Amino acid sequence: MADVGTLNTTVAGIDAVAPRLGEGPSGAKPRPALSSRNIMLYGTLTIAALYYLLPLYVMVVTSLKGMPEIRLGNIFSPPMEITFEPWVKAWAEACTGLNCDGLSRGFWNSVRITVPSVIISIAIASVNGYALANWRFKGSELFFSILIIGAFIPYQVMIYPIVIILREIGIYGTLTGLVIVHSIFGMPILTLLFRNYFVSLPEELFKAARVDGAGFWQIFLKIMLPMSLPIFVVAMILQVTGIWNDFLFGVVFTRPDTYPMTVQLNNIVNSVQGVKEYNVNMAATILTGLVPLIVYFVSGRLFVRGIAAGAVKG
Amino acid sequence: MNVNSSVSNSSVSIKDLSLNFGAVSVLKDLNLDINDGEFLVLLGSSGCGKSTLLNCIAGLLDASEGQIFIKGKNVTWEEPKDRGIGMVFQSYALYPQMTVEKNLSFGLRVAKVPQAEIDKRVARASEILQIQPLLKRKPAELSGGQRQRVAIGRALVRDVDVFLFDEPLSNLDAKLRSELRVEIKRLHQSLKNTMIYVTHDQIEALTLADRIAIMKSGIIQQLDDPTTIYNRPRNLFVAGFIGSPSMNFLRGELVKSGDGIAFSANGVIFSLAAYDANEVLQPGRKVVLGVRPEHIKVNENVGGEEHDATVDIEEPMGADNLLWLKHAGHTMSVRVNGARRFNVGAKVKLSFDMTVASVFDAESELRL
């Protein structure tokens with residue numbers, strides 16, 4: 001017995017000393033930081049990033065300079081003397097036509113256009129998408145096809161008829177009219193988005209809810225909605241940026257005192273009277289672009305998740 | 001008269017049910033009476049219409065023609081919730097954002113059942129299924145077996161007459177599947193509800209069912225208790241579908257032998273003296289003889305003539321030992337006790353147990 005014990009310990013001892021793995025490579029393969037692959041990859045990314053960031057840099061820098069400094073002509077040099085005067089002027093004092101209260105008027109107009117348009121279009125499109133995905137009704141395929149075709153018709157074709165319709169109803173030139181137009185034009189693409197998302201949700205969930213006795217609205221509100229946050233975020237981002245950046249509908253369907261921010265920006269930048277105030281123009285442009293920018297930064301992660309959500313079964 | 005009596009005696013009754021998707025006919029003039037408290041299994045390969053039939057019974061699909069009665073009431077046009085059914089799905093279909101407790105009570109809350117009653121029923125269901133510790137969890141935190149238990153619980157709290165199961169065990173691994181199978185059987189024995197269970201797994205069908213309805217292309221091929229289905233398949237399809245490995249089929253014809261009738265294939269004669277035929281067997285008829293692997297004896301006479309064969313492949317499966325034999329130009333599978341081992345190439349004597357064999361007409365494929 002003692003012999004066996006000794007033998008065992010000896011064997012264990014040998015085991016511990018001898019390397020358990022043979023010679024040669026083992027574990028993760030070392031990769032040099034400066035391989036040609038890495039240089040290509042990060043080089044391309046850096047150049048692409050610079051290409052997009054440079055204009056922004058020029059805008060920010062110019063908006064912080066005084067006019068005398070801008071006239072020196074070196075657009076890439078940082079400001080020698082930082083001034084926020086152009087920003088204040090762009091926001092509160094710049095003149096468009098008869099109004100001299102800056103972009104602030106346009107900003108609030110855009111808010112009054114964007115918020116109801118986004119809410120109305122998403123509310124309707126989500127129900128549309130849900131109905132098309134889960135409640136196949138007679139003619140639903142035809143309805144869907146027509147809606148999809150609607151997404152591909154150029155907007156310009158429909159502007160004149162819509163102007164007439166709004167005039168006949170008596171809301172031409174009002175914010176209400178523009179909100180309605182935005183809600184309608186957002187419908188095809190949003191409905192498609194929501195329908196495809198709801199189709200990707202397991203059908204048996206819907207069946208189970210029906211067996212449980214839930215109706216159209218109960219299934220939508222209690223089962224589908226809580227599972228749909230990502231797609232609502234996607235729709236919200238699409239609509240906020242789309243409607244905020246819209247110029248065409250804004251200029252066609254509103255009057256000067258109800259112009260959205262983009263139209264007002266254009267009027268400020270393109271005004272032909274007096275000196276071109278590049279710093280004010282830059283500041284005004286950044287101010288106008290700020291809202292979509294903030295929306296992207298805040299909800300970018302959810303956006304990516306929502307876009308990918310249709311692909312992966314949850 | 002006749003119609004009325006059959007309706008009142010049965011729990012679920014389906015009359016001349018047809019379902020078409022456009023030009024495609026999925027169910028054809030289907031008639032089915034399911035007795036009160038019966039466990040009926042709808043068995044078939046994918047695309048045979050078994051799930052479609054279940055969805056029709058549930059009211060999730062509208063029938064093109066025909067009627068559905070549940071507890072004697074015509075529910076053909078009723079909403080699923082008004083049919084007195086509970087349904088369990090293959091993918092569990094638990095509401096992901098709700099806790100187990102909310103999942104169980106959702107239907108009751110929709111129906112505006114008083115809270116005290118909801119609590120009582122949830123407590124009872126979770127006790128029966130032993131899921132009390134899980135009540136506060138979300139479905140994502142449960143294992144597959146636990147999820148399916150909750151899904152069964154959701155049908156249970158609704159206090160329904162008829163349970164519908166749509167391949168409930170197909171997403172589970174083999175071990176869990178056999179465990180839950182036993183639990184479903186136990187549940188049926190204690191609740192004594194009518195249960196309709198769709199599966200493509202013949203083991204589930206044979207172990208659970210009071211009666212099995214074997215379906216193919218929207219038509220019920222045979223509706224019988226598992227033993228009859230297994231031993232007296234009505235046609236060639238049922239015979240080949242049930243049993244693993246499947247029944248051995250020999251094509252040949254009926255011949256006269258002495259004073260009785262026999263089956264002849266490739267010149268080999270099998271006496272059918274012991275065969276229990278449905279009709280008088282006429283010599284000269286082209287037929288198919290079907291014998292299950294366990295009804296062929298190796299080196300052991302069970303009556304009738306003996307046939308020479310050679311062992312081709314041996315597949316030990318633990319309790320059983322499956323032999324693939326060459327016999328008169330056919331390959332035949334034979335199941336023997338696992339303790340009996342054979343060498344490949346060994347010569348053996350086969351004896352066919354004709355009392356449990358099947359003979360089918362080669363044309364109509366019906367049992368003779």
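The following dialogue discusses how to read confidence, domains, helix packing and the chain contact in a predicted model.

Reader: What confidence does the predictor give the complex, and what is the mean pLDDT of chain B?

Author: The model is a predicted one. For the complex, the predictor reports an ipTM of 0.85 and a pTM of 0.81. Chain B has a mean pLDDT of 90, with 98% of its residues at 70 or more. In residues 1-7 of chain B, however, the pLDDT is below 50, and this stretch has five contacts beyond near neighbours in sequence. Chain A averages 85, and 89% of its residues score at least 70. Its residues 1-13 have pLDDT below 50 and zero contacts beyond near neighbours in sequence.

Reader: Where else in chain A does pLDDT stay under 50?

Author: Where pLDDT is low, the predicted coordinates should not be read in detail. In chain A this concerns residues 310-314, where pLDDT stays under 50 and the model has four contacts beyond four places in sequence.

Reader: Into which domains is each chain divided?

Author: In chain A, domain 1 covers 36-83, while domain 2 is made of 108-260 + 291-309. The centres of these two domains of chain A, taken over C-alpha atoms, are separated by 37 Å. Chain B is divided into domain 1 (2-241) and domain 2 (248-361). For chain B, the C-alpha centres of the two domains lie 39 Å apart. Five residues from domain 1 of chain B and five residues from domain 2 of chain B form their contact. On the domain 1 side, the residues divide into three nonpolar, two polar and no charged.

Reader: How should one read the packing of α3(B) and α5(B)?

Author: Two packed helices are described by the angle between their axes and the distance between the axes. Helix α3 (residues 100-110) and helix α5 (residues 144-157) of chain B have axes 8 Å apart, at an angle of about 30°. Angles under 35 degrees count as roughly parallel, and α3(B) and α5(B) are therefore roughly parallel to each other. The crossing of α3(B) past α5(B) is right-handed. From α3(B), the contact uses B:Val100, B:Asn103, B:Leu104, B:Ser105, B:Gly107 and B:Leu108, and from α5(B) it uses B:Val150, B:Gly153, B:Arg154 and B:Val157. By class, this contact has five nonpolar, four polar and one charged residues.

Reader: Are α8(A) and α11(A) roughly parallel or roughly antiparallel?

Author: The angle is again the quantity to consult. In chain A, the axes of helix α8 (residues 175-200) and helix α11 (residues 229-245) cross at roughly 155° and come within 11 Å. Angles over 145 degrees count as roughly antiparallel, so α8(A) and α11(A) are roughly antiparallel to each other. The crossing of α8(A) past α11(A) is right-handed. Residues of α8(A) in the contact include A:His182, A:Leu190 and A:Phe194, and those of α11(A) include A:Ile231, A:Val234 and A:Gln239. The residues of this contact divide into eight nonpolar, three polar and no charged.

Reader: How many residues does each chain bring to the contact between chain A and chain B, and which element of chain A supplies the largest share?

Author: One may count the residues on each side, then assign them to elements and classes. Chain A contributes 14 residues and chain B contributes 17 residues. On the side of chain A, α9 (203-211) and α10 (216-224) each supply at least two residues. The largest share, six residues, comes from α9(A). By class, the side of chain A that touches chain B has eight nonpolar, two polar and four charged residues.

Technical notes
Residues are numbered from 1 along each chain as its sequence is written. Chains are lettered from A and ligands numbered from 1 in the order in which they are written. This is a predicted model: local features need pLDDT of at least 70, side-chain atom pairs count only at pLDDT 80 or more; totals for chains, interfaces and linings use all residues. pLDDT is the predictor's confidence in each residue, from 0 to 100. Two residues are in contact if their C-beta atoms, placed from the backbone, lie within 7 Å. Helices (H or I, at least four residues) and strands (E, at least two) are DSSP runs, numbered from the N terminus. Ala, Val, Leu, Ile, Met, Phe, Trp, Tyr, Cys and Pro count as nonpolar, Asp, Glu, Lys and Arg as charged, and the others, Gly among them, as polar. Axes are lines fitted to C-alpha atoms, for helices over the stretch in contact, and angles run from 0 to 180 degrees between N-to-C directions. Angles under 35 degrees count as roughly parallel, over 145 as roughly antiparallel, 65 to 115 as roughly perpendicular and the rest as oblique. A crossing is left-handed if the near helix is turned anticlockwise from the far one by less than a right angle, and right-handed if clockwise. Domain bounds come from an automatic or database domain assignment.
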